[in-house]
Amino acid sequence: MTTSTLSRTTDARRPATETPERRRSLRGRRRRERWWAALFLGPQLLVLLAFTLGPLGFAVVLAFMKWDGLGEKSWVGFDNFQTQLSDPTFRDAVLNTLTLGLITVPVGLALALLIAMALNNVRGKTIYRVIYFLPVVTSSVAVAVIWQMLLASGDLGMLNNTVHDWFGITLPDWLNDPDWVMVAIAAVTIWSSLGLNVVIFLAGLQSIPAHLTEVARIDGAGPVRVFRHVTLPLLSPTIFFSFVVAVISSFQAFDQIYVLVDPDHNEGARTIVYQVYDLGFKKFEFGASSAAALLLTLMTIVVTVAQFGMQKRFVHYES
Amino acid sequence: MVTAIRRRFGTVALHTLLIVGGLLMMFPFVWMLLTAFKSEGQMIQDPLAWLPDPWRTDNFPDAFDAMPFGRAYWNSFYIAVITVVVTLLTASMAAYAFTRIEFPFSRSLFVVFLLTQMVPTQVTLVPLYVMLSKLGWIDTHLALILPAIANPFAVFMMRQFIRAVPIELEEAARLDGANRWTIFTRIVLPNIKPGMAALGIIVFLSSWNSFIYPLIFLNSEDKFTVPMLLASFKGQHGGLDYGMLLAASTISVVPMLIAFVIGQRKIISSMAASGMGGR
């Protein structure tokens, strides 16, 4: 953008010297610039076309076909979409995915905000930040391996046995009970992503100028009002960004679930991405899998657009 | 006096909250480490004992013997390094074109990049699989590296950093007759080093921890990455021998955790920056 204004001012300054040679050299320069642009943009554009946009187009085509990857392809129109939408398995997958999002997003963000606010006011931030961040750098597979042990049923289940011994309460069989498995998965998801949201919120809190909250306090505002009327509005763009990212990642949940529970044995754990994986790579119904994936994309786009629509009412941007 | 007491009380309450939370965050790791030293016999007799009795260090060599963890480490490491280097170079090149070079459809193309970021990677799983198997790249590491390089987020993040480089530096070099490539390598890149370090960390972590691509694209054990090998280890040896499974899990996470603690300041600030849209 800066280059354009710059060259425009140079042009405007010397309209009298606009000779044919000059115009030709200008055109030459512009052409050279295009070559440079192609050179610089080329590699990233090429991989994007080959490995994202191309496959996306192919997915759209496949969604209207029946194909097992080996035999003949045949056009089936909207059949794959209709089958998915009327399939109770797919509907359950959508409901499970939404349940996961409805737990992880509000609870995860609220906890992260609470911890970030606490951290903002104490000494020893560094050590706390490191501890809360440990699960973020741990692979989801390892996270799931550890938690599967903690949440197991029977003699091995650390959590359930301890709670039973100490308080005499019998907890549900987290990983095998279809009604509770999403709660367990949500807890593990919150545990493993909490640290990331904490450090994002903490960075946001630290960028709020201290004099703003000070002024409010001198004017007699209590901590709740300072939070409500100063901190929260100033932090709202950061919260909004985390909100959008958290919703999208809850829609894409797969890794931890795949290792933690086998959705083939516990239908309560089937998410949309698991459905996509199951149809594509276990049942080899490439068309149906693509249709399910496109429905997920549609869902993501609709929800993201809705979030951006709400943004004006809840997010405060400094002018 | 009263406010001082109240403030002291507030601080104690905050620390209590943070310590309880911190213990909850640490507990699964501590449990993993302790269980990694337990014997199969102890797991059967007294699965809930806190401390291993006896301390069985053999779980670690056993896990190494059962699955090629050394190999998996090398695989994960070199895949992540190549992905980082190529992503950093190509993304900052593209970002430079978008910020500093005038060309037709520059804006629309940038919008396409941004929109591509919204496509869930899962949509391209089946088409990528078909494509990669046509190319004969299934069960090769190219199948993990190439799709990961297409990274519009990286372009977006690098653009934020390149925009902050003073244009005067470039103009001066241009007057001295430097071409675009010289300007890019001699002036732009040295000035966006902090941004590249941050992006490098983000790309490294996401490559290292990536699971669904290795799950779908790799078949042979000696090609597996660390998370993939751990998942497959769990499938094969997951029965009752939790000691060995958690030893394997320890092997798979501890080096990463040590690296994190050493570089925590830079890693945390990079991830925080990514969460704030690269600011």
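**Close-ups of helix packing and the core**

Helices α2(A) and α4(B) are oblique to each other, since their angle falls outside the classes that count as roughly parallel (under 35 degrees), roughly antiparallel (over 145) or roughly perpendicular (65 to 115). This is a predicted model, where local features need pLDDT of at least 70, side-chain atom pairs count only at pLDDT 80 or more, and totals for chains, interfaces and linings use all residues. Residues are numbered from 1 along each chain as its sequence is written, with chains lettered from A and ligands numbered from 1 in the order in which they are written.

**View 1. Here is α2(A) against α4(B).** Helix α2 (residues 20–62) of chain A packs on helix α4 (residues 69–100) of chain B at about 135 degrees, axes 8 Å apart. Helices are DSSP runs (H or I, at least four residues); axes are lines fitted to C-alpha atoms over the stretch in contact, and angles run from 0 to 180 degrees between N-to-C directions. Among the contact residues (C-beta atoms, placed from the backbone, within 7 Å) are Phe40(A), Leu41(A), Met93(B) and Tyr96(B).

**View 2. Next up is α6(A) with α13(B).** The axes of α6 (residues 140–151) of chain A and α13 (residues 226–237) of chain B come within 8 Å and cross at roughly 30 degrees, so the pair is roughly parallel. Val141(A), Ala142(A) and Val145(A) meet Pro227(B), Leu230(B), Ala231(B) and Lys234(B).

**View 3. Met158(B) sits among its contacts.** Leaving out residues up to four places away in sequence, Met158(B) touches Ala91(B), Ser92(B), Ala95(B), Ile192(B), Gly195(B) and Leu199(B).

Key: Helices (H or I, at least four residues) and strands (E, at least two) are DSSP runs, numbered from the N terminus. Two residues are in contact if their C-beta atoms, placed from the backbone, lie within 7 Å.
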